Amino acid sequence: MKICSDAAGPRSVHRKALLEALAGELPVHLIRFSSKISSIETQQHEGSSVAIVHVENGTVIKAKFLIGCDGVHLVVSRWLGLREPVLSGRSAARGLAVYPQGHGLEQKVRQYVGSGRRAGFVPLTDKEIYWFFTVTSPAKGTSLARDAEDIQKEVLENYAKDLPPIFLDVVQHTDLSTLTWAPLMFRYPWNVVFGNLSKQNITVTGDAMHPMTPDLAQGGCSALEDAVILGRHIGTYILCTERTCTCTERD
Ligand SMILES: Cc1cc2nc3c(=O)[nH]c(=O)nc-3n(C[C@H](O)[C@H](O)[C@H](O)COP(=O)(O)OP(=O)(O)OC[C@H]3O[C@@H](n4cnc5c(N)ncnc54)[C@H](O)[C@@H]3O)c2cc1C
C-alpha cells in the first residue's frame with residue numbers, strides 16, 4: 001500500500017455548496033429539480049431550431065439551448081447518437097463521513113493505492129470528510145451490495161479491512177444516506193473525438209460527454225472547464241445576435 005498526500009493541488013467542493021452557488025445565480029422559478037426526461041425532439045420556429053423536452057410528469061419544456069449534463073444517465077447523449085459508455089471492470093463506493101464534534105484532521109488528501117484497490121479521503125469541512133474506495137468489480141453474476149448498511153459492511157469487513165485504521169474510522173462515520181456503490185464507466189476517447197457532440201442547439205457536457213475513470217481525478221475538473229468554455233460561446237452567440245456586432249463568431 002502506498003500512501004500519497006497532496007503537497008499542492010487538489011481542492012474539494014461539497015456538491016451541495018456548488019449546487020447552491022449555481023442555483024443562487026438564477027430566479028428560483030427557473031429551476032426544476034428531480035425532473036426525469038422521457039423524450040427530446042426539435043422543431044423549427046421562425047428559422048431557428050427549438051428543443052422540445054418531454055418530462056415524465058407530462059410537462060413539456062421548449063428551450064433555445066439544451067445542454068445535457070446528466071452524468072452517465074445518458075438521455076441527451078443517446079439522442080445525439082454518441083456511443084454508449086463501457087464498463088471499466090471496477091466499481092467505486094463513495095460516501096460522506098460526519099463527525100459532529102469535529103474530526104481534527106488536517107485539510108489534506110490521503111490516498112492508499114495497491115492490489116487492485118484505491119482508497120482515499122479528503123476533509124470538506126471541520127466536521128465532514130468525503131471518502132472513496134475503488135476495487136475490481138465482483139465476478140460476473142455477483143451483484144454489488146445496494147443497501148447502504150450492506151455497502152458499509154462490505155467495505156469495512158471485506159474489501160478494505162486491512163487498510164489503515166484511520167480510513168476505516170472515516171468509513172465507520174459515514175452518513176448512510178450519502179453512501180453509494182456503482183460500476184465505473186467510461187467512453188472510449190475516439191468515440192468522443194469522432195462522435196456527434198452537438199446537433200443544432202443541443203449538446204452535452206461533463207460526464208454526459210466524456211465519462212472517465214477517476215484515476216487522474218479530472219472528471220469533475222473537465223466538467224467545470226466544459227461549462228466555462230460553453231458559457232463563453234453561448235455568451236458570444238447571444239451578443240452577436242445583437243445588430244451592432246460585426247464579428248464572425250456567430251457562424
Ligand atoms: C470514486 C470517484 C472519485 C472521483 N474523484 C474525482 C476527483 O478527485 N476530481 C475530479 O475532478 N473528478 C473526480 N471524479 C469524477 C467526477 O465525480 C465526475 O466527473 C463529475 O461528478 C462529473 O460531473 P457532471 O456534472 O458531468 O455529472 P454528475 O456529477 O454525475 O452530475 C449529474 C447530475 O445530473 C442529475 N441528473 C441525471 N439525470 C437527470 C435528469 N433526467 N433530470 C435532472 N437531473 C438529472 C444527477 O442526479 C446528478 O446530480 C471522481 C469520480 C469517482 C467515481
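Let me start with a small piece of the fold: strand 11 and strand 12 (residues 202–204) pair in the antiparallel sense over two bridges. Helices (H or I, at least four residues) and strands (E, at least two) are DSSP runs, numbered from the N terminus. Two strands pair if DSSP finds at least two bridges between them. Ser-198 has Thr-203 in strand 12 as its bridge partner.

Before I go on, this is a predicted model: local features need pLDDT of at least 70, side-chain atom pairs count only at pLDDT 80 or more, and totals for chains, interfaces and linings use all residues. Residues are numbered from 1 along each chain as its sequence is written.

Back to the strands. Strand 12 belongs to an open sheet of three strands in the order 5-12-11, with mixed pairing. The edges of that sheet are strand 5 (66–68) and strand 11 (198–199), each of which pairs on one side only.

There is another open sheet of three strands, in the order 2-3-4, and here the pairing is antiparallel. Its edge strands, each pairing on one side only, are strand 2 (37–45) and strand 4 (60–63). On average, neighbouring strands of this sheet are turned by 25° against each other, direction ignored. For such angles, axes are lines fitted to C-alpha atoms, for helices over the stretch in contact, and angles run from 0 to 180 degrees between N-to-C directions.

Strand 2 is joined to strand 3 (residues 48–55) by eight bridges, and the two run antiparallel. Opposite Ile-37 stands Val-55 in strand 3, and opposite Ile-40 stands Val-53 in strand 3. What links strand 2 and strand 3? They form a hairpin with two residues between them, and Glu-46 in the turn has a positive phi of about 50°.

On to strand 3 and strand 4, which pair in the antiparallel sense over four bridges. Val-53 appears again here, with Ile-61 in strand 4 as its bridge partner. These two strands also form a hairpin, with four residues between them, and Gly-58 in the turn has a positive phi of about 100°.

Now the whole protein. Its secondary structure comes to six helices and twelve strands. The C-alpha trace spans about 65 × 40 × 35 Å along its principal axes. Of the 251 residues, 20% are buried. A residue is buried if 20 or more other C-beta atoms lie within 10 Å of its own, exposed if 12 or fewer, and partly exposed in between, with C-beta atoms placed from the backbone. Among contacts with a separation of 6 or more, 63% are between residues 24 or more positions apart. Two residues are in contact if their C-beta atoms, placed from the backbone, lie within 7 Å.

Next, the domains. The domain assignment gives domain 1 (2–12 + 88–185) and domain 2 (32–85 + 187–217); such bounds come from an automatic or database domain assignment. The C-alpha centres of domain 1 and domain 2 lie 30 Å apart. Seven residues from domain 1 and six residues from domain 2 take part in the contact. On the side of domain 1 that touches domain 2, the elements giving two or more residues are strand 6 (86–98) and strand 10 (180–186). Strand 6 has the largest share, three residues. By class, that side has four nonpolar, two polar and one charged residues. Ala, Val, Leu, Ile, Met, Phe, Trp, Tyr, Cys and Pro count as nonpolar, Asp, Glu, Lys and Arg as charged, and the others, Gly among them, as polar.

Last, the ligand. Why does it lie between domain 1 and domain 2? Because both domains give residues to the shell around the ligand. Gly-71, Gly-206, Ala-217, Gly-219 and Gly-220 come nearest of the 23 residues around it; a residue is near a molecule or strand if its C-beta atom, placed from the backbone, lies within 6 Å of it. At least two residues of the shell come from each of strand 6, strand 9 (128–136) and helix 6 (219–240). Helix 6 gives the most, with four residues. The shell has eleven nonpolar, eight polar and four charged residues.
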